Amino acid sequence: MSKQCDPAMKRILILLNLLALPVLNAEVMKITLPPETAAFKPAAGIQLANGQCMTCHSADYISMQPPKGLDFWQAEVKKMKDKYGAPIPNDLLDGLAAYFAVNYGTGVPAPVVQVTKSSGPIDAQALAQKSGCLNCHKVDVKFVGPAYKDVAVKYRDKPDAMDKVSHQITHGGYGQWGQIPMPAFAEFTPAEVSALAHWVLDQK
């Protein structure tokens, strides 16, 4: 005596068989996103926003937020660090929130404390860490942007290597290594740009 398969089970078996069939003539869909053209408002603290936020957010995303005061932006910045794991150094949290509160919010908070520039030798790796460069770049593996050792290889022995890398640091851009834009760091002093460019080009 044969057992009858109930209708519901039969439908499930048919569906599973259909899912198991190979997909014929499948093509990979390629999506090209438009270039990023938005930028943060040029004001005191923009270097914090460029370095710490552009890794994950478009500048447009910030402009879509409600125009709230300092408390709101402090909570937002803290949430990005604590909940979503944004690698924002603790000593930059207040300055970052202040920049957004002044330029995209409703309040005028306490002035941003500016870091005094040292007249001694510049620690380029520490500057890269502090400025958020290492949020997108790693020394020896591709991450959001190219590995610094790959940048060094590309420009090795080229007479305009320092000019090219310095220009990229100062002005940012996109297209040379992909479509993800690199923000500009126009606030760096010429000495800081030179130290960073040398450090990148010295990677092996």
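**Exercises on a predicted all-helix chain**

Among contacts (heavy atoms within 4.5 Å) in the chain between residues at least 6 apart in sequence, 59% join residues at least 24 apart. The model is predicted: local features need pLDDT of at least 70, side-chain atom pairs count only at pLDDT 80 or more, and totals for chains, interfaces and linings use all residues. Residues are numbered from 1 along each chain as its sequence is written, and side-chain values use heavy atoms, with hydrogens and water left out.

**Exercise 1.** State how many helices and strands the chain has.

*Solution.* Helices are DSSP runs of H or I with at least four residues, and strands are runs of E with at least two, numbered from the N terminus. By this rule the chain has 10 helices and 0 strands.

**Exercise 2.** Describe the largest nonpolar core and the helices that supply it.

*Solution.* Step 1: such a core is a set of buried Ala, Val, Leu, Ile, Met, Phe, Trp, Tyr and Cys residues joined through side-chain atoms within 4.5 Å; buried means under 20% relative accessible area, exposed over 50%, partly exposed in between (1.4 Å probe, protein chains only). Step 2: the largest core has 22 residues, and Trp73 and Leu96 are among those with the most contacts inside it. Step 3: α2, α3, α4 and α5 each supply at least two of its residues. Step 4: α5 gives the largest share, 7 residues.

**Exercise 3.** Characterise Asp157 by its location, exposure and phi.

*Solution.* Asp157 is found in the loop between α8 (148-155) and α9 (161-171). Asp157 counts as exposed because its relative accessibility is 76%. Its phi is near 70 degrees, a positive value in a residue other than glycine. Most residues other than glycine have a negative phi.
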